[in-house]
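Hi,

Here is the structure I promised to pass on. Have a look at it first, and then read my notes below.

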Amino acid sequence: MCDNCGCSEMEGRENIFLPKEVKILRAEQVTEHEKHFTLRMADESPFNFTPGQILEVSMFGFGEIPIGLASSPVRTASFDIVIRGVGRVSNAINQLGKGDSLFIRGPYGNGFDLENMRGNNVLVVAGGIGLCPTRSLIQYIIDRREEFKNFTLFYGTKDPKSQMFHDDLAYMRKAADIQYFETVDRPDDNWQGHVGLITELFKRTEVTADTRAVICGPPIMFKFVMRELHTLGLAADNIYVDLERRMKCGVGKCGHCQINDQYVCTDGPVFKSSEIDNLEEAL
Ligand code: FES
């Protein structure tokens, strides 16, 4: 029987809205607004997902928010999310720490098209908090490095203190098989790297027509990066954008995430550029 209204609608069916408990193994405030959580299912069962998929994360008494997974599914002992404290639910979650519980539904959405990426060059262009959902792909490529050709990451933030995942960045700065380039808009006195728009990083590397590109970041960045990639000759089918905005239910029921005939939660959150080129609202 349905728990909500007592009707027989749910009989014999799994309740897709029922969350499962997870334990917080680690919680670290990584920037002024973002907190990085490492989680494990409370019953210690494995949690399987594809890079780029999302979770609905909830805290009783406060509500639920959609969040992209921020770790590689190859690392099965735990999984990561990063919460930006910008509202009632996210601020409440960010008060939690190691040993506390959260609740999740999912994973949902399509994730990245790994088949189309394997055997090819991959370029990830991440702006600000866009590094969080793309980290699941970045770590996956690092874990299965032999399956991909050149791997390049462009990472742009407002300023140096907005950078996240410092250990990852330190590793990538030194890794011989990763081309990592970073930029900030507003440097501090210690910043030695590039200053300026993320699109300026294209001058530092070669993007060939067999590259598969992934873009995730603020909407304004999408347009400029897409334009650059089109100019470099990348086919629209080989450019992916990760859109996580406006989701609510995560399972195609509420219509909140709908852009024309596309549902971000079930058709996305990863779309080919060719799929959204005509959806003005998408970016
Ligand atoms: S979030 Fe409800 S339909 Fe997509």
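Let me start at proline 107, which sits in strand E6, the stretch covering residues 101-108. The model is a predicted one, by the way. What joins proline 107 to glycine 106 is a cis peptide bond, with omega at about 10 degrees. You'll find another cis bond running from glycine 268 to proline 269, where omega is near 15 degrees. Proline 269 is in a loop, with helix H6 (264-267) on one side and strand E15 (270-272) on the other.

Now for the whole chain. Its secondary structure adds up to seven helices and 15 strands. The radius of gyration is 19 Å, and the globule rule gives 19 Å for 283 residues, so the chain is as compact as a globular protein of that length. If you want a feel for the dimensions, the C-alpha atoms fill a box of roughly 60 × 40 × 35 Å along the principal axes. Of the 283 residues, 51% are buried. Take the contacts with a separation of 6 or more: 68% of them are between residues 24 or more positions apart.

On the outside, the chain exposes about 13,700 Å², with carbon and sulfur atoms supplying 48% of that. As for charge, there are 31 positive and 40 negative side chains, and the centres of these two sets are 3 Å apart.

Next, the aromatic rings. I have six aromatic pairs for the structure. One of them is formed by phenylalanine 47 and phenylalanine 49: the ring centres are 5.7 Å apart and the planes are at 35 degrees, which makes the pair tilted. Both phenylalanine 47 and phenylalanine 49 are buried. Phe79 comes into the picture too, as ring pairs tie Phe47, Phe49 and Phe79 together in a cluster.

Another place to zoom in on is isoleucine 138, in helix H3 (residues 131-143). Is isoleucine 138 buried or exposed? Its relative accessible area is 4%, and the cut-off for buried is under 20%, so isoleucine 138 counts as buried. And what does isoleucine 138 touch, once neighbours within four places in sequence are set aside? The contacts are Val124, Leu131, Phe151, Leu153 and Met172. For a sense of distance, leucine 123 is 15 residues away from isoleucine 138 in sequence, and their C-alpha atoms are 9.7 Å apart in space.

Finally, a couple of backbone oddities. Phenylalanine 165 has a positive phi, about 50 degrees, although it is not a glycine. Look for phenylalanine 165 in the loop that runs between strand E8 (151-157) and helix H4 (166-174). With a relative accessibility of 5%, phenylalanine 165 is buried.

Asparagine 260 isn't a glycine either, and its phi is positive at about 50 degrees. The loop in this case lies between strand E13 (258-259) and strand E14 (262-263). How much of asparagine 260 is accessible? The relative accessible area is 48%; exposed would need over 50% and buried under 20%, so asparagine 260 is partly exposed.

That's what I have so far. Happy browsing!

Methods
Residues are numbered from 1 along each chain as its sequence is written. This is a predicted model: local features need pLDDT of at least 70, side-chain atom pairs count only at pLDDT 80 or more; totals for chains, interfaces and linings use all residues. Side-chain values use heavy atoms; hydrogens and water are left out. Helices (H or I, at least four residues) and strands (E, at least two) are DSSP runs, numbered from the N terminus. The radius of gyration is taken over C-alpha atoms; the globule rule is 2.2 Å times the number of residues to the power 0.38. Buried means under 20% relative accessible area, exposed over 50%, partly exposed in between (1.4 Å probe, protein chains only). Contact means heavy atoms within 4.5 Å. Accessible areas come from the Shrake-Rupley method with a 1.4 Å probe; for residues, only the protein chains shown count as cover. Lys and Arg count as positive and Asp and Glu as negative; His and the chain ends are not counted. The place of a charge is taken as NZ of Lys, CZ of Arg, CG of Asp or CD of Glu. Rings of Phe, Tyr and Trp (its six-membered ring) pair if their centres lie within 6.5 Å; planes under 30 degrees apart count as stacked, over 60 as edge-to-face and the rest as tilted.
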